[in-house]
Amino acid sequence: MTYSKRLNDRKMDELRPIEAKVGVIERADGSAMFKIGNTWAYASVYGPRNLYPKFMQDPQSGILRVNYNMMPFSGSGERVRPGANRRAKEISMVSEKALLPVLDLKEFPNSVVDVFIELPQTEAGSRCAGICAASMALADAGLNMKDLVAAVSVGRVDDKLLVDLDYSEEAYEDGPVADIPIAMMPQSGKITLLQMDGEVTKEDLRKAIGMGKEACGRIYEVMKKALKEKYEVQ
Amino acid sequence: MGKLLIQDKEIVVPGEIIAEGMDHLPGQGTYREGDKIIAGRLGLANVEGRAVKLIALSGRYIPKRNDTIICQVIDVGFSGWRVETNSAYSAMLSVKDATSEFIRRGADITHYFNVGDYLVAKITNVTSQKLIDISTKGPGLRKLHGGRIIQVNCNKVPRIIGKAGSMVSMIKNATGCRITVGQNGLVWLEGEPKSEYIAIEAIRKIEQEAHLSGLTDRVKAFLEEKTGKKVEPGVEEPELR
């Protein structure tokens with residue numbers, strides 16, 4: 001059996017329904033929410049603020065610190081054991097590297113900008129949702145950024161190329177699957193995150209990235225609208 | 001011919017193209033790439049002739065020279081105090097900038113300011129590494145006794161103060177409170193508990209509606225309703241207080 005139709009009746013390049021809102025956490029310096037299907041991400045930004053221990057300080061520029069966390073009952077199966085684990089640490093690190101190219105923290109030597117990404121519920125694509133929420137929250141915090149960062153996962157399920165895989169597609173058993181999270185700067189089209197789990201051919205990867213870029217453009221429009229909505233004159 | 005792609009007073013997001021062609025000049029918060037001017041942060045676009053700049057709407061306080069701020073003493077050293085400035089950096093107040101009195105070497109300087117005290121101070125210097133020096137010598141600069149401190153968005157402080165202090169003086173007259181607004185987003189108020197509360201409500205209202213025009217009239221109506229008295233429009237004060 002080939003994978004001819006997506007289980008949730010989406011088109012091959014169709015995203016799950018997206019909802020984005022900025023300024024959801026009052027006490028944070030910047031915050032945003034990004035929901036894509038059943039994956040929800042909240043990001044809050046604190047800082048620039050004092051950085052200790054002192055050896056972590058960089059006298060040339062401020063540093064960015066991202067923390068990705070899945071809440072205990074956010075998975076679709078078992079309870080997620082709370083706290084840092086290998087996976088969360090890795091995703092925190094790649095998210096940080098995906099966001100850093102747009103940020104300019106030269107104005108804040110020796111300081112830190114903390115980003116906390118919390119996921120109350122997830123169904124695949126959580127790092128992408130987290131990066132989208134974090135980039136909106138950083139913009140909301142009034143930091144100098146040359147662009148936003150939009151992220152989406154693309155992939156191959158059996159012989160089809162898809163955009164924004166959900167869990168049922170990621171876990172498809174009757175054929176080979178590749179899951180490729182992409183983050184990019186939508187204005188310049190530069191890619192800041194590219195990971196892959198699974199197997200694809202070179203041509204399919206090229207095509208998949210092309211589809212991802214196009215989808216990121218659509219996500220960017222949603223993010224832009226959410227940011228403007230918070231500040232627009234009522 | 002260059003083209004402006006946004007309206008004046010429009011909200012722009014990072015990476016948004018503001019103008020094309022070389023006819024416009026990139027101002028604060030924007031940068032040029034090729035022949036495009038691009039937003040370098042989230043802000044309100046302000047077109048002035050050929051120059052386009054962005055006015056910040058959010059973000060923490062960035063210390064600047066000659067700003068009057070409200071800060072809290074967090075540590076006492078041999079020859080001065082370390083104070084918290086509601087920004088990413090703490091500031092240093094040395095004894096010689098604190099008072100014109102003679103202080104003997106090794107004297108107990110907690111007698112002047114102690115840990116936890118709030119001060120109104122002026123920033124005298126900021127280095128590239130963001131080492132900040134402040135002074136409490138000058139008109140209006142002092143230690144604060146009593147009252148309460150509230151935190152506001154530091155980007156809205158100019159609106160709270162108003163043109164030459166007209167907005168804050170209107171609140172002072174209407175509520176009878178003493179108010180000091182720090183550029184760093186801390187506001188000190190002292191008065192009757194009830195009027196303090198009205199003053200805080202008025203400041204919150206200004207903070208929320210800072211981007212709308214006709215704010216003075218609305219705040220005036222708000223204060224008249226709350227205090228039940230006729231409110232005189234604020235006089236322009238020469239010095240921010």
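Which strand of chain B is joined to strand 8 (residues 51–56) of chain B by 2 bridges and runs parallel to strand 8? That is strand 4 (residues 25–26) of chain B, and the views below begin there. This is a predicted model, in which local features need pLDDT of at least 70 and side-chain atom pairs count only at pLDDT 80 or more, while totals for chains, interfaces and linings use all residues. Residues are numbered from 1 along each chain as its sequence is written, chains are lettered from A and ligands numbered from 1 in the order in which they are written, and side-chain values use heavy atoms, with hydrogens and water left out.

**View 1. Strand 8 of chain B and its partners.** Strands here are DSSP runs of E with at least two residues, and helices are runs of H or I with at least four residues, each numbered from the N terminus. Two strands pair if DSSP finds at least two bridges between them. On the parallel side, look for Pro26(B), whose bridge partner in strand 8 is Val52(B). Strand 7 (residues 43–48) of chain B pairs with strand 8 in the antiparallel sense, over 6 bridges.

**View 2. The hairpin of strands 7 and 8 of chain B.** Here 2 residues sit between the strands. Glu48(B) has Ala51(B) as its bridge partner in strand 8. Gly49(B) takes a positive phi near 65°.

**View 3. Where chain B meets chain A.** Contact (heavy atoms within 4.5 Å) links 26 residues of chain B with 30 residues of chain A. The buried area is the accessible area (1.4 Å probe) that two parts lose on being put together, summed over both. For this pair of chains the buried area is about 2300 Å², with carbon and sulfur atoms giving 54%. Ile11(B), Pro14(B) and Arg60(B) supply 22% of the area that chain B buries against chain A, more than any other three residues.

**View 4. Lys228(A) and Glu10(B).** A salt bridge (a side-chain nitrogen of Lys or Arg within 4 Å of a carboxyl oxygen of Asp or Glu) is found 3 times across the interface of chain B and chain A. One of these joins Lys228(A) to Glu10(B), with the closest N and O atoms 3.5 Å apart. Lys228(A) lies in helix 4 (residues 202–231) of chain A. With a relative accessible area of 13%, Lys228(A) is buried (under 20%, 1.4 Å probe, protein chains only). Leaving aside neighbours within four places in sequence, Lys228(A) is in contact with Glu10(B), Ile11(B), Val12(B), Val13(B) and Glu16(B).

Definitions and conventions:
Buried means under 20% relative accessible area, exposed over 50%, partly exposed in between (1.4 Å probe, protein chains only).
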